[in-house]
Amino acid sequence: EQVDPFQHEGRVTTLQFSDEGRALAVGGESSLVLLDISEDSVSLTKSIPMPAQVVSVRWSPSGNRLATLCADQKVYVWDARLEASAPKPLMSPVSCPFESELPDLAFTRDDRLVVRESDRAISGWNIDDGRSIWSVSTGSESGFAVSPDRTRVAVIDRMRLLQIDAETGEQRGPTMSHPNLVYEVAYDSSGTKLLTGCADQFARVFIASTGAMRYSMRHADIVHRVAWVPGGRGCVTAQWSADLVRVWKLGISSSDGFSQPLAGGVMQTKWNEDASRFLPCGFDLRRGAGPRQVWDASDGSPVASAIPFDGRLSDGCFVPGTSVVILAGSSDPGPSGENADSLRKQDLTSGGSIVAIDLRSGRSAFDPIATDSNVIAIDARPGGGTAVALCHDRSLLVIDVTNGKILHRRETFPGGTFFYGYVVRRRLEY
């Protein structure tokens, strides 16, 4: 339900709630307005003229001070108390040159401010004295996040992540190295875990106290932005290249667990009926070619030999009540070269293929099935007997899994093609 609207004098450029949510700072082209927010009303408490358009604004922990980044590429700190005298900056402006990427700024205490002054330096400021009390030199790619208790600052230095003491600027704990440039970092609500997005197409979760990596989440391109779900049991990642946001639920790993790398753009797995085996399959924004391995879920050991597949794999499934595994995708890998795994480089209208292998005997369960277009998804009936394949040309095939005969062929959603580039986890399911 909408609370009383507030009409700003000009264009609103940024806004920020105070920590307790009772006040709202609204930045505009020439002023910063402070609003008191109650359950059923909004009232103006203060208006501060700005030297330039407000680009970003941050509240101090108590709500008594505000820091603004303005279009003149300077950070100003203001007294936000109602009883304060005529508004004026509490310290000399901090120069923060920027082009498209905005500098970060955050309070660690009411009298302490952390600022990314440039692409190569992050500094801590004593507001009362108006001086820099520490500075950390970084590479051309940098950024930071403040821990929930405001005692630590996680600093990005190109391919490294380090934690520093918010008061002294001294490093606390080990350095967390990455294979490529780190784009963003975030603390969870407990301050015990750190989440990073990296140019190597992975998001990672680290234990803050030890620097040990706990989880890694594969993507199909650079991970540009990351954030935690409240409570810390999940996280959100974003890719600018695909205009894509993913929400992840973090599992609970055990001491006797294992990990297996997923190759060829695979982002998902299929399980057999008693969850004793799993098959990495399914695609996201990339789709690889080559054989696929079924794994034992108890210890991560391979089950039988890898299943050969000549084309690019879209999906696969186990046939219940049997030792048969079905793979489906394109009939050939297509052109090779740089970014050949990218779906944008692949012709989904070309012929597809469906193959079935009996893991027990190692032989084909039926002859390969050729389809008019790439197979996008496949699933077997829970009771066995048949499987259903969905193709790029929107045809739906019902297949007898005992002999590979196509029993029925139907067109779904007439017109156009099935795959438009959207990421759908399960396109077909009984």
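This passage walks through a predicted model of one protein chain, from its overall make-up to a few of its strands, one loop residue and one sheet.

Taken as a whole, the chain is built with strands and no helices: the count is 35 strands against 0 helices. Of its 430 residues, 49% count as buried. The accessible surface adds up to about 20,700 Å², and carbon and sulfur atoms account for 48% of that. As for how the chain meets itself, 40% of the contacts between residues at least 6 apart in sequence link residues that are at least 24 apart.

Strand 14 is a good place to start looking in detail. This strand covers residues 152–157, and 6 of its 6 residues are buried. Arg 152, Ala 154 and Ile 156 point to one side, while Val 153, Val 155 and Asp 157 point to the other, and both sets are buried. Strand 14 has a pairing with strand 13 (residues 142–146), antiparallel and made over 5 bridges. Within that pairing, Ile 156 of strand 14 sits opposite Gly 143. The two strands make a hairpin with 5 residues between them, and in the turn Arg 150 has a positive phi of about 65 degrees.

Strand 14 also pairs with strand 15 (residues 160–165), again in the antiparallel sense, here over 6 bridges. Ala 154 has Gln 163 of strand 15 as its bridge partner. Here too there is a hairpin, with 2 residues between the strands, and Arg 158 in the turn shows a positive phi of about 55 degrees.

Arg 158 turns up again among the contacts of Asn 180, a residue in the loop between strand 16 (176–177) and strand 17 (182–187). Leaving aside residues up to four places away in sequence, Asn 180 touches Arg 158, Met 159, Cys 198, Ala 199 and Asp 200. Asp 200 lies 20 residues from Asn 180 along the chain, yet the C-alpha atoms of the two are separated by 5.5 Å. Even with these contacts, Asn 180 is not buried: its relative accessibility is 30%, so it counts as partly exposed.

Further along comes strand 24 (residues 268–271), whose two faces are unlike each other in cover. Gln 268 and Lys 270 make up the covered face, and Thr 269 and Trp 271 the uncovered one. Strand 24 pairs with strand 25 (residues 277–281) over 4 bridges, in the antiparallel sense, and Gln 268, from the covered face, stands opposite Cys 281. These strands form a hairpin as well, with 5 residues between them, where Ala 275 takes a positive phi near 60 degrees.

Last comes an open sheet of 4 strands, with the order 32-33-34-35 and antiparallel pairing. Strand 32 (375–380) and strand 35 (406–411) are the edge strands; each has a single partner strand, so one side of each is left without a neighbour in the sheet. On average, neighbouring strands of this sheet are turned by 15 degrees against each other, direction ignored. At one of the edges, strand 32 is joined to strand 33 (residues 386–391) by 5 bridges, the two running antiparallel. Ile 378 is found opposite Ala 389 of strand 33.

Technical notes:
Residues are numbered from 1 along each chain as its sequence is written. This is a predicted model: local features need pLDDT of at least 70, side-chain atom pairs count only at pLDDT 80 or more; totals for chains, interfaces and linings use all residues. Side-chain values use heavy atoms; hydrogens and water are left out. Buried means under 20% relative accessible area, exposed over 50%, partly exposed in between (1.4 Å probe, protein chains only). Two strands pair if DSSP finds at least two bridges between them. Contact means heavy atoms within 4.5 Å. Accessible areas come from the Shrake-Rupley method with a 1.4 Å probe; for residues, only the protein chains shown count as cover. Axes are lines fitted to C-alpha atoms, for helices over the stretch in contact, and angles run from 0 to 180 degrees between N-to-C directions.
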